[in-house]
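Open the model in your viewer and keep the selection box at hand. This tour goes from the whole chain to single residues.

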Amino acid sequence: MTLQSVLEDIRKRPGSGEVIPVIDPVTEEPITEFTDCGPAAVDDAAARARAAFEAGVWAGLPGRERAKVMWRIADLIEQHADELAELDSLNTGMPLMQAQLVVPTCAEFFRYYAGWCTKVNGNAYDVKTSGIASDTYVDMHTYTLKEPYGVVGLIFPWNGPIFNASAKLAPALAAGCSMLVKPAEETPLSALLLDRLIAEAGVPDGVVNLLTGYGHTAGAAITAHPDVQKVAFTGSTDVGKEIVRASAGNLKKVMLELGGKSPVLIYDDADLDQAIMMAAMGIFVHSGQGCVCGSRIFVQRGVYDRVVEGIAMIADNLKLGGPREEGSMSGPLISQKQLTRVLGFLDEGRSDGVEVVTGGHRLDRKGYFVHPTVLTNVERGMRLYQQEIFGPVVTVLPFDDDDEAVAMANDTTYGLAATAWTTNLARAHRLAKRLQAGTVTLNCQLVFDHTVPFGGYKQSGWGHEFGREGIEAYMQTKSVWAQL
């Protein structure tokens, strides 16, 4: 499928709601448009998914057969890697090289979870028990079954379209679920191609149902639908709370990967050249539009000035541009809405007396570009310190000792990721225990592997993706008792 055919395909998708433009964040011009699918389309998709699940066309297959299909999906992703990367870079404005590096990871999601298709089993127990209303002990054979939830809703964000789609689709397919799949309205393009590849690989009709529309229309209809047994969502904490409220109708299970305000601790004994470089890239890559981006940096006082100067220098020399602009290291914000949000935080910070070391403004060019921004003289009660900005904006504060650093790092409602830079390994591992975050990286940042669980503390989410936990998130446990 060529780029042009994807753009034509989305225009032709039926719908009953508003016409939604897909905007190029580099040029601010429309790429294409599509019609919101509307609630009736969600009802139809849910009915197809439920019928497919109950018929067992996918869930009823032996695990090895599901695995074969998932390997074919991975192979097809690799065969169409150039098109998928081009679609994501066009749709998000990220450098083409960055998008090209992501696609092989997506293929590996399907291969990794294909391996789990034959390896998720329950446990058996031999129990001697009296039961509830008896004082006579009897022998029981008991065992547990791991069963797919059934119809699940998968809703993913605009900051990493093909990555987030693959991270949810692969374990849900491996578990045997049927699903309703909704990409963000800003970035639906690569999801269309992936949907075609899934069908081409041999996933039966009705198992995967792609829905395109707004979050408050299609997304809301999915989360409230009585036939949907679980929703997996990646996005903002505010929307996550709305999903929890919408799930109350049938008490559907909810898995949430939400926002972050990730701290980075840099000690005076750290490899400062490496720490400065990685801390800067950990917030400025993809213009800070990543849930794990280290948006609050805390630096031991003796090296504070050097770290601020080093991060500011990287900010000033980081070339921003479109996917095909030579030397581009980072792209624009996704939309005018996000640009307005980020600039609003910066204007508010200036009014509150924050010092802008560098950046703090929109670039004088087409596109939603914001100069990478370094802020100091920030008070811990300020909104830009406490709330997720989701832009290339970092606050840098000094600290004196471990207790002060940990107190500032944990002073947030979020708990997705945290980082510590220190060559004192005993201190590093003590910090890992004290930092309130689902992922802690020591002397490294932005690391990931399919095998390692990922999830958040506090208001950064419920549940875990990746690893064994990733497939078990789409399965429920049944206990079976037999008296011998």
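Show everything and colour by burial. Of the 484 residues in the protein, 55% are buried. Buried stands for under 20% relative accessible area, exposed for over 50%, and partly exposed for what lies in between, with a 1.4 Å probe and protein chains only. The model is predicted: local features need pLDDT of at least 70, side-chain atom pairs count only at pLDDT 80 or more, and totals for chains, interfaces and linings use all residues. Residue numbers start from 1 along each chain as its sequence is written, and side-chain values use heavy atoms, with hydrogens and water left out.

**The whole chain**

Switch to cartoon. The protein has 16 helices and 20 strands. These are DSSP runs, numbered from the N terminus: helices are H or I with at least four residues, strands are E with at least two. Along the principal axes, the C-alpha atoms fill a box of roughly 70 × 60 × 40 Å. The radius of gyration is 24 Å, which agrees with the value near 23 Å for a compact globule of 484 residues. That radius is taken over C-alpha atoms, and the globule rule is 2.2 Å times the number of residues to the power 0.38.

Turn on the surface. About 20,000 Å² is exposed, and carbon and sulfur atoms supply 52% of it. The areas come from the Shrake-Rupley method with a 1.4 Å probe; for residues, only the protein chains shown count as cover.

Now the contacts, meaning heavy atoms within 4.5 Å. Among those with a separation of 6 or more, 72% join residues 24 or more positions apart.

**Two helices**

Select residues 3–12, helix H1. Its buried residues are Val6, Leu7, Asp9 and Ile10. They sit on the same side of H1, because they cover an arc of only 160° around the axis. The arc is that of the directions from the helix axis to the C-beta atoms. Add strand E2 (30–35), helix H4 (81–92) and helix H7 (189–201): the buried residues of H1 pack against these.

Next, select residues 237–246, helix H9. Which residues of H9 are buried? Thr237, Gly240 and Ile243. Their arc is only 105° around the axis, so they too lie on the same side of H9. They pack against helix H8 (215–224), strand E8 (230–234) and strand E9 (253–257). Rotate to the face turned away from the buried side. It carries the exposed residues Asp238 and Arg245.

**Two positive phi angles**

Most residues other than glycine have a negative phi. Select Ser287: its phi is positive, about 55°, although it is not a glycine. Ser287 lies in the loop between helix H10 (272–284) and strand E11 (296–300). At 2% relative accessibility, Ser287 counts as buried.

Jump to Asn443. Its phi is also positive at about 55°, and it is not a glycine. Find Asn443 in the loop between strand E16 (439–442) and strand E17 (454–455). Is Asn443 buried or partly exposed? Asn443 is partly exposed, with a relative accessible area of 26%.

**The loop between H11 and H12**

Select Ser330, in the loop between helix H11 (304–317) and helix H12 (336–351). Ser330 is buried, with a relative accessible area of 0%. Beyond its neighbours within four places in sequence, the contacts of Ser330 include Pro95, Phe284, Leu320 and the Ser287 seen above.

Stay in that loop and pick Gly322. Gly322 is buried at 2% relative accessible area. Leaving aside neighbours within four places in sequence, Gly322 is in contact with Val26, Ser328 and Phe369. Draw a distance from Gly322 to Ala175. Their C-alpha atoms are separated by 39 Å, with their positions 147 residues apart along the chain.

**Two strand residues**

Go to Val299 in strand E11. Val299 is buried, with a relative accessible area of 0%. Not counting residues up to four places away in sequence, Val299 touches Ile266, Tyr304, Val307, Val396, Leu397, Pro398 and Phe399.

Last stop: Asp139, in strand E4 (residues 138–148). Asp139 is partly exposed, with a relative accessible area of 38%. Its contacts, leaving aside neighbours within four places in sequence, are Val127, Lys128, Ala482, Gln483 and Leu484. Now draw a line to Leu192. Asp139 and Leu192 are 53 residues apart in sequence and 54 Å apart in space, C-alpha to C-alpha.
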